[in-house]
Structures are given as C-alpha cells and as structure tokens.
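Hi,

Here is the structure I promised to pass on. Have a look at it first, and my notes follow below.

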Amino acid sequence: MLFGFRRVGCGAGGRLSAAALLAILPPVGVHAAEATAPASVLGLWRSQDRGGTIELYNCGPAVCGRILDGPTLRANPDLRDVKNGDKALRTRPVKGLRVFDGFTGGPTQYKGGSLYDPESGWGTKTGYLTLKDPNTLEVKGCVAFFCQSEIMLRIR
C-alpha cells in the first residue's frame, strides 16, 4: 500500500495501465454532467432555405427566437416589419424581432409556441421545434391543418 491506498489496475513494474488511468480520471476540461447532457436548441441557427440567422434563447420558462441577420437585412439594415397584419407594428425593426415565442418541452421536442415570418407578415399559433441531431433543427409551423417545415443548421 502506498499512502493508505491499495494499488489497483497496475501492470508490470507496478505502473498504472492506461485503461485504469482513464477509468479513474474525470474528462479533462469537461464536467461529467456536461459530457452526458443532451444537446440544447439554444444558440445560433441559420435557415437552410433563406440564409437568415436566428438566436434561440430562454425567455422565462420557454424558448424564444429573434432575428439577428439575413440577406434582406444585409441589403437594408433598417428593414421594418411592413407586412405585419397589425398596422401599429409595421414600424418596428426586423433586426432583433422575436419570431419564435413560447416554446416549451425539450430536450429534443418543443411545442406550444408561435412563429412569425416578417417577409410575408404571416404567423402561426401552433409551432414545433425538433432537434433532429445536435446541429439540425426542424422548425414547423401550422395554420389549421396546413403545416410547413424548414430546416435550420447550428452555427454555434
């Protein structure tokens, strides 16, 4: 015994084998809880179809999303929500606009939220976010029985 500990997993010459060492050491730079934690929908996502960037973030107990960037915003950084059905909202800037609101659930399936598309002015009361893998998010919005999906890819 050395320092009150019995030697376990030692190979020839009394050295600790690589397998035994890896079994007792925690992962370097990663906490054990982080190593097994499921992927989160939070972060930056790029629309595969439209090229826009959305940030998904916690808004109270739910997940929300706001527009950060897109081809139309790069062409016109002062773009306004001019197609909104509510005339009082048509002067608000598109950059930073909350377009995903109130999604709950997780860790891979979120529902109950609403979606809004400032390019068309249409919104949905029923939306779904499905994390297909850690870097692929399916966004689905439904109006009555008609649903449309879009794939978003994780930026970070």
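To start with, which residue does the side chain of Arg74 meet in a salt bridge? Keep in mind that this is a predicted model. The partner is Asp69, and the N to O distance comes out at 2.4 Å. Both ends count as partly exposed: Arg74 has a relative accessible area of 49%, and Asp69 has one of 25%.

That pair belongs to a wider set, as the structure holds eight salt bridges. Another of them joins the side chains of Glu55 and Arg66, at 2.8 Å from N to O. This one links distant parts of the chain, with Glu55 in strand E2 (residues 53-59) and Arg66 in strand E3 (residues 62-69), eleven residues apart. Glu55 is partly exposed at 22% relative accessible area, and Arg66 is partly exposed too, at 28%.

Then there is Glu138, which forms a salt bridge with Lys132; their closest N and O atoms are 3.4 Å apart. Lys132 counts as exposed because its relative accessible area is 51%, and the cut-off for that is over 50%. You'll also find a network of salt bridges linking Arg50, Asp117 and Glu119.

Now for the strands. E5 (residues 109-117) and E6 (residues 122-133) pair in the antiparallel sense over seven bridges. Tyr116 has Gly123 in E6 as its bridge partner. The two strands make a hairpin with four residues between them, and Gly121 in that turn has a positive phi of about 85°. On we go to E7 (residues 136-143), which runs antiparallel to E6 and is joined to it by seven bridges. Here the hairpin connection is made through two residues, and Tyr128 is bridged to Lys140 in E7.

One more spot to click on is Asp81. Is it buried or exposed? Asp81 is buried, at 0% relative accessibility, and it sits in the loop between helix H3 (71-75) and strand E4 (98-105). Its side chain makes a polar contact of 2.8 Å with the side chain of Asn84. Setting aside neighbours within four places in sequence, Asp81 is in contact with Leu89, Arg90, Arg92, Val94, Leu97, Tyr116 and Pro118. Tyr116 in that list is the residue whose bridge partner in E6 is Gly123, which ties the loop back to the strands above.

Over to you, and shout if anything is unclear.

Cheers

Methods. Residues are numbered from 1 along each chain as its sequence is written. This is a predicted model: local features need pLDDT of at least 70, side-chain atom pairs count only at pLDDT 80 or more; totals for chains, interfaces and linings use all residues. Side-chain values use heavy atoms; hydrogens and water are left out. A salt bridge is a side-chain nitrogen of Lys or Arg within 4 Å of a carboxyl oxygen of Asp or Glu. Buried means under 20% relative accessible area, exposed over 50%, partly exposed in between (1.4 Å probe, protein chains only). A polar contact is a pair of N or O atoms within 3.5 Å; within protein, one must be able to donate a hydrogen and the other to accept it, and residues adjacent in sequence count only if both atoms are side-chain atoms. Contact means heavy atoms within 4.5 Å. Two strands pair if DSSP finds at least two bridges between them.
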